[in-house]
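Take a moment to look over the sequence and the fold shown below. The paragraphs after it go through the model step by step.

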Amino acid sequence: MVMKVKSQLLLGNGITIGLFIVISIIIVTSVNKLITNSTWVTHTHNVISTTEQIMGHMVDQETGVRGYMATGNKEFLEPYYNGKKDFEELVEKAKQLVSDNPTQVQRFTELGSLGNAWNNEVAAPYFQLRKEVNGGKTANTALLDFLASGEGKRRMDTFRKHWASFVKQTSNIPVAKDACWGLLLDMVNMETGMRGFLVTGKEEYLEPFNAGQGNIDKRFSVLSAAGIPGTATLKADATAWITYSGKKSIALKREALKYPTASDIENLLGEKLGKQFMDKLRNIVANIVDMESRLLKVRKAEADSIASIAINASSG
């Protein structure tokens with residue numbers, strides 16, 4: 001009888017111990033799974049955060065480029081250079097983070113390739129155009145500085161002063177008088193043609209300037225043949241204005257016309273080539289984040305299920 005009771009006690013204790021061991025195993029296993037699951041949840045959040053940072057650095061690059069294009073000031077390129085460096089580094093980091101997921105690795109690879117393509121096909125042409133526009137500004141500044149110097153006006157005033165004295169000597173010589181007044185008209189026409197070209201940049205406005213040069217030579221031939229004193233001085237004045245004011249101003253304007261202008265920048269930006277790249281980048285980023293978000297939901301459901309098993313086991 002005593003032996004029977006002992007056997008029953010041992011059996012009961014064995015069952016209790018066995019159940020305790022099973023429950024303990026379930027709880028330990030569940031805790032380990034929860035820890036693993038939590039690690040993956042943290043990993044997923046890191047992937048999403050890294051992806052958003054990558055897009056942010058791409059936006060930084062675009063902001064820097066637009067600032068430089070608008071102002072021509074290289075200081076505005078700081079966000080571009082910093083963003084480019086961080087973008088490239090984070091893309092590589094992201095590929096390591098998702099190395100267990102070929103689909104995501106491929107997407108981050110595409111992000112990197114698109115970033116490089118944007119730099120080569122958008123940023124680089126923009127930089128080149130801005131550089132050329134800046135060159136045009138330098139050329140225009142040279143022209144404006146020359147015009148502001150008053151060199152042309154001084155030379156024309158000198159010519160007019162000498163002409164006023166010179167014309168009085170031709171009053172009794174009709175041929176010389178006509179040549180002298182024609183000379184003044186030619187100089188005025190040349191100045192008008194030059195100014196028209198400087199304002200419009202159109203070569204056809206130079207027709208009076210070009211025609212005037214040929215006429216002036218003829219006028220001075222008549223005046224020289226008439227033996228009017230001071231002809232050589234007046235001719236030197238006219239030649240000085242043509243050479244050192246008219247032709248120089250025209251040459252500076254032509255140099256400035258070789259370069260693109262702010263309008264060319266507006267036209268290039270209006271093509272919205274950069275937007276096409278940015279839209280593709282945002283689409284890939286959205287797909288990456290969407291996959292990671294779905295993984296978060298799965299892992300949360302797994303965590304809830306594991307926790308429920310552990311709770312039931314411990315309460316049982």
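What follows moves from the overall make-up to the cores and then to single helices.

This is a predicted model, so the confidence values come before the details. The mean pLDDT of the protein is 84, with 81% of its residues at 70 or more. Confidence is lowest in helix H1, residues 2-71, where the mean is 70. It is highest in helix H7, residues 231-257, where the mean is 95.

The protein has nine helices and zero strands. Read from the N terminus, the order of elements is therefore simply α-α-α-α-α-α-α-α-α. Of the 316 residues, 36% are buried. Among contacts between residues at least 6 apart in sequence, 81% join residues at least 24 apart.

The next topic is the interior. The largest nonpolar core contains 35 residues, and those that touch the most other members are Ile54, Val65, Phe108, Leu111 and Trp118. At least two residues of this core come from each of H1, helix H2 (78-97), helix H3 (102-148) and helix H9 (273-315). The greatest contribution is that of H3, which gives 11 residues. Leucine 111 can serve as an example: beyond its neighbours within four places in sequence, this residue is in contact with Ile54, Phe87, Leu281, Ile284, Val285 and Ile288. Another core lies apart from that one. This other core has 29 residues, including Cys180, Leu183, Ile250 and Leu252.

Now consider a pair of helices. Two packed helices are described by the angle between their axes and the distance between the axes. For helix H6 (residues 207-226) and H7, the angle is about 170° and the axes are 11 Å apart. Because an angle over 145 degrees counts as roughly antiparallel, H6 is roughly antiparallel to H7. On the H6 side, the residues that meet H7 are Phe209, Gln213, Ile216, Phe220, Leu223 and Ser224. Their partners in H7 include Thr231, Leu234, Ala238, Trp241, Ile242 and Ile250. An α-helix has 3.6 residues a turn, so residues three or four places apart point the same way.

Last comes helix H5, which covers residues 174-200 and has 27 residues. From its first C-alpha to its last, H5 reaches 39 Å, close to the 39 Å expected at 1.5 Å a residue. Just after H5 comes glycine 201, with a positive phi of about 75°.

Note on methods
Residues are numbered from 1 along each chain as its sequence is written. This is a predicted model: local features need pLDDT of at least 70, side-chain atom pairs count only at pLDDT 80 or more; totals for chains, interfaces and linings use all residues. Side-chain values use heavy atoms; hydrogens and water are left out. Helices (H or I, at least four residues) and strands (E, at least two) are DSSP runs, numbered from the N terminus. The expected span of a helix is 1.5 Å times one less than its number of residues. pLDDT is the predictor's confidence in each residue, from 0 to 100. A nonpolar core is a set of buried Ala, Val, Leu, Ile, Met, Phe, Trp, Tyr and Cys residues joined through side-chain atoms within 4.5 Å. Buried means under 20% relative accessible area, exposed over 50%, partly exposed in between (1.4 Å probe, protein chains only). Contact means heavy atoms within 4.5 Å. Axes are lines fitted to C-alpha atoms, for helices over the stretch in contact, and angles run from 0 to 180 degrees between N-to-C directions. Angles under 35 degrees count as roughly parallel, over 145 as roughly antiparallel, 65 to 115 as roughly perpendicular and the rest as oblique.
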